[in-house]
Amino acid sequence: MTILANKTDLVRAGSGTWQDQMKWAIRDLRGLRDVLGLADEGELQHAAEAEFPVFAPLPYLTRITPGDSQDPLLRQLWPSGSEMESPSHFSTDPLGESDATKSSGMLQKYQGRVLLVTTGACAIHCRYCFRRHFPYEQSPKSMAQWEPTLTQIAADDSIDEVILSGGDPLTIVDHSLSRLIARIDEMAHIKRIRFHTRLPIMIPQRVTDAFLEILANARCQMIVVIHANHANELDLSVEQALSKIANSGAMLLNQAVLLRGVNDSLESLKNLSQRLLRCRVLPYYLHQLDPVSGAAHFEVDVKQGLQLVTELRSCLPGYAVPRYVQELRGEPNKTVLA
Ligand SMILES: *Cc1c(COP(=O)(O)O)cnc(C)c1O
Ligand code: SF4
């Protein structure tokens, strides 16, 4: 663990409930600069912050080297002036998600599985996020508001998997989450419930006993897909939280995004896979960056990505190599590049 510039923050990072950690998260550039001892980068950076505010929980910040503006974890959450220059093929809805909205809060692009946008809240604001501009306010907020969508899922036996996404579904408190899961779990044709979440990494305290009970007691098979882009994200506290999830019987997978300056080297991708295995997580997808406006400076050429994955395959067992995929509009599945 590295040392935050401020000792009080370091003590806080290891204490409190996950809700405390959400409250204590750093929410502006000035706070980040203070905590990590970084310099002000000027007007364009402030403009980037104004477009998409900072959100950074303390447990994650303890894994960043203070004073290092190139730290691979920092880069994921540090506003950059480059966000203000957007090439024309980078858009606010790069995946055509507005066309895929089948019911309030529900996206379906692929056969057999639907994705619920359960909330707009996350435990980090990733600068490259493909849903940075998503109209979250249109998603349901309460069980009553979810009911029409849930009724539709209940009536459609072509669906066998429900994905809880967002935002981050684990920003929802356990008793609400438990009601939503129970309602889905009682639908006989649903076989699997999948979470897409970064919370166990951002705030390991989120892996509560109540959440573990939800995982352990469901009739459906439970799958937790985490999102780590770099081995440094997976410190001992995260390893312990993930181990509890694995012990609940849920399957653990990881999706990463290939990001310039974060994980665009063989060494970095190899370390990530090895660290994930150590945490009992299988690497699932390595995503080519979606062309969302504000994220162009993270883009790695597909050609370079292919080269990296080919090299990765030559030095790791097959199960440790993620599928390198790109999401292309209108395709029946994510397109496998390698
Ligand atoms: C990515 C995605 C999924 C999940 O795809 P898998 O290949 O099953 O992991 C499902 N629905 C939507 C809308 C998605 O974007
Ligand atoms: S956690 Fe996921 S949804 Fe939230 S900001 Fe990061 S990439 Fe976007």
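## Around ligand 1

Ligand 1 is surrounded by Lys109, Tyr110, Arg113, Leu115, Ile163, Arg194, Tyr284, Tyr285, Glu327 and Lys334. The model is predicted. Three of these residues can be followed to individual polar atoms.

Take Tyr284 to begin with. An N or O atom in the side chain of Tyr284 lies 2.6 Å from an oxygen atom of ligand 1. Tyr285 also takes part: a polar atom of the Tyr285 side chain is 2.6 Å from an oxygen atom of the ligand. Lys334 adds a polar side-chain atom at 3.2 Å from an oxygen atom of ligand 1. How much of the ligand does the protein cover? On its own, ligand 1 has 390 Å² of accessible area, and the protein covers 94% of that.

## Aromatic pairs

The structure contains four aromatic pairs. One of them joins Phe134 and Tyr136. Their ring centres are 5.0 Å apart. The planes meet at 50 degrees, and the pair is tilted. Phe134 is buried, and Tyr136 is buried too.

Another pair brings together Phe195 and Phe211. Here the arrangement is edge-to-face, with 85 degrees between the planes and 5.5 Å from centre to centre. This pair links distant parts of the chain. Phe195 belongs to strand β5, residues 192-197. Phe211 belongs to helix α10, residues 209-217. The two residues are 16 apart in the chain. Both Phe195 and Phe211 are buried.

## Charges over rings

Phe211 has a further partner. The charged end of Arg206 sits over the Phe211 ring, 5.7 Å from the ring centre. So Phe211 appears in two settings: paired with Phe195, and under the charge of Arg206.

A second arginine is placed over an aromatic face elsewhere. Arg12 lies over the face of Trp24, and the distance to the ring centre is 4.4 Å.

## The two sides of helix α10

Phe211 also has a place in the pattern of its helix. In α10, the buried residues include Phe211, Leu212, Ile214 and Leu215. Why do the buried residues of α10 line one face of the helix? Seen down the axis of α10, they fall within an arc of 155 degrees, so they line one face.

Which residues are exposed on the other side of α10? They are Asp209, Glu213 and Asn217. Helix α10 therefore has a buried face, with exposed residues on the other side.

Methods:
Residues are numbered from 1 along each chain as its sequence is written. Chains are lettered from A and ligands numbered from 1 in the order in which they are written. This is a predicted model: local features need pLDDT of at least 70, side-chain atom pairs count only at pLDDT 80 or more; totals for chains, interfaces and linings use all residues. Side-chain values use heavy atoms; hydrogens and water are left out. Rings of Phe, Tyr and Trp (its six-membered ring) pair if their centres lie within 6.5 Å; planes under 30 degrees apart count as stacked, over 60 as edge-to-face and the rest as tilted. Buried means under 20% relative accessible area, exposed over 50%, partly exposed in between (1.4 Å probe, protein chains only). Helices (H or I, at least four residues) and strands (E, at least two) are DSSP runs, numbered from the N terminus. A charge sits over a ring if NZ of Lys or CZ of Arg is within 6 Å of the ring centre and within 35 degrees of the ring normal. A residue is near a molecule or strand if one of its heavy atoms lies within 4 Å of it. A polar contact is a pair of N or O atoms within 3.5 Å; within protein, one must be able to donate a hydrogen and the other to accept it, and residues adjacent in sequence count only if both atoms are side-chain atoms. Accessible areas come from the Shrake-Rupley method with a 1.4 Å probe; for residues, only the protein chains shown count as cover. The arc is that of the directions from the helix axis to the C-beta atoms.
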